[in-house]
Amino acid sequence: MTNGRLLWIDDEIDLLKAHIMFLESKGYDVDTTTNGYDALDRCRSNAYDLILLDENMPGLNGLETLARIKNITPTTPVVMVTKSEEEDIMDQAIGSKIADYLIKPVNPTQILLTLKKNIHHREIVTVQTQTAYQQDFGKMGLLIDDASTIDDWKDVYRRLVSWELQLSETDSAMKEMLAMQKSEANAKFARFIEKNYLTWINDAEAEGRPETMSPDIFKRQVFPLLDAGEKVFLIVIDNFRFDQWRILMDEIADQFHIDEQLYCSILPTATQYARNAIFSGLMPNVIAEMFPELWVDEDSEEGKNLNEAPLIQTLFQRYRRQHTFSYNKVNDSAAAERLVQKLPQMEHYDVNVCVLNFIDMLSHARTESRMVRELASNEAAYRSITLSWFRHSAVGDLFKALAQSNYRIILTTDHGSIRCQNPIRVKGDKNTNTNLRYKLGKNLDYNRKEVFEITDPHRALLPSPNLSTHYIFARGNNFFAYPNNYNYYVSYYRDTFQHGGISMEEMLIPLIGLTPKKR
């Protein structure tokens, strides 16, 4: 079986016989020609895995031949081989999307390396990544078993996401093993949260409490920058996961110095609770008691996040902060474009807060639209759509503009989401909320072993619409399903991205500091 079919175009091809014999000994079939015109005929009648092209040939030169080859076979990688070290020649070749650029005299090892990079890259990466993950699998298992602090769990999650991103670029069967390991980690993470959560939120000084939780964002991240005389741009991307951040990071790494952290969301990991906690600096029940006009109950028809600007104002007033701020919500491309155009007028504010709703809208659309579900059929596709949105929307322009500014940028979220697979039966009355990852009500019927239950909401600093209100939370990739129309309900919601419950994806979320490099 051949390793690949090559075409080598060089007017001095007789001088390259040793190289050609070397490649044939490595399992490659090599066709040769001495001029561009013959090469074009070969490309019309044969399929090649890679073409080696001399730049300096009589008649049709290398760059002219390259352009014509691209018209015939645009996907075939072409490697330019030349004696010339002129920068202009290199720029023209690279601008024509060559796969590689080699300077004569070349040695066989150089050529073999470029073949591996351009023909065998995916299979090599698959083998190497699979081997590396197999070697790390046992270590990961020990890390999961030994995780006893929130920092341990952050490390576990970072490593799992790193492997997920690496394996997603391969054809490795190890993806299934990783999914099992991640599921095991989430089960143990849920037990860790259930053991410690109530202590954390009732005692800000409790040993082992996460340094930053939802109500701490302004106090620990924004205010210190303001005290240092900085102007702050706070961007909150609703429903933004750590793996999604990691793929966006590559898009902006050349524009910003990056300080990457994870912080811990409160429960429920839902906008009404977690984002209102961010903007108020308070836990949900305190918001409901201190500012009842700003809290929206679960059964209200009103939107759950309409009072965010007033909540920020109450936060500044409580801390006696005289800073000016703007609040901006971006729900579509037109709003993003208006925000970019408005940036010069926003410079006089000390803090600019921007909420971006695309990813949350995507997760809802994926649930409701068969077409979107096909487009975002798995985790990798979900990340890919997120990346495409960032690249091709005005949000990318927003970050480019901020890279030229003097702001200190904080990029974060209120919660993440998890792909739900396993239904859990629950019964409730007509007043029970509709979220699939948490439920609250006074007549809930469920299996206590399958959920994390809070029978006294005040202990969890959560509002209690009724004296007998209970909260229950789904763990891992579980979701709540009603017995009525159970099969339809399960088939409709299985494999959708949901939030509100307990998982690393929902609770361990990005908190990113960005400083423009051109500051």
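In this predicted model, six strands form an open sheet in the order β7-β19-β10-β6-β9-β8, and their pairing is mixed. At the margins sit β7, covering residues 256-264, and β8, covering 325-330, each of which pairs on one side only. On average, and with direction ignored, neighbouring strands of this sheet are turned by 15° against each other.

A good place to look more closely is the edge formed by β8. Its partner there is β9, made up of residues 351-356, and six bridges join β8 and β9 in the parallel sense. Two of the pairings can be followed residue by residue: Phe-325 has Val-351 of β9 as its bridge partner, while Ser-326 stands opposite Asn-352 in β9. Between β8 and β9 the chain passes through helix α14, residues 333-346, and the resulting β-α-β crossover is right-handed.

Turning to other helices, α7 (residues 150-168) lies across β7 and β19, the latter spanning 508-516. The direction of α7 runs at about 120° to β7. Helix α18, residues 394-403, also packs on the sheet, where its contacts take in β6 (232-237), β7, β9, β10 (408-412) and β19. Relative to β6, the direction of α18 makes an angle of about 160°. Readers tracing the edge strand β7 will thus meet both helices: α7 lies across β7, and α18 touches β7.

Conventions: Residues are numbered from 1 along each chain as its sequence is written. This is a predicted model: local features need pLDDT of at least 70, side-chain atom pairs count only at pLDDT 80 or more; totals for chains, interfaces and linings use all residues. Side-chain values use heavy atoms; hydrogens and water are left out. Two strands pair if DSSP finds at least two bridges between them. Helices (H or I, at least four residues) and strands (E, at least two) are DSSP runs, numbered from the N terminus. Axes are lines fitted to C-alpha atoms, for helices over the stretch in contact, and angles run from 0 to 180 degrees between N-to-C directions. Contact means heavy atoms within 4.5 Å. A crossover is right-handed if, with the strands pointing away from the viewer, the path from the first strand over the helix to the second runs clockwise.
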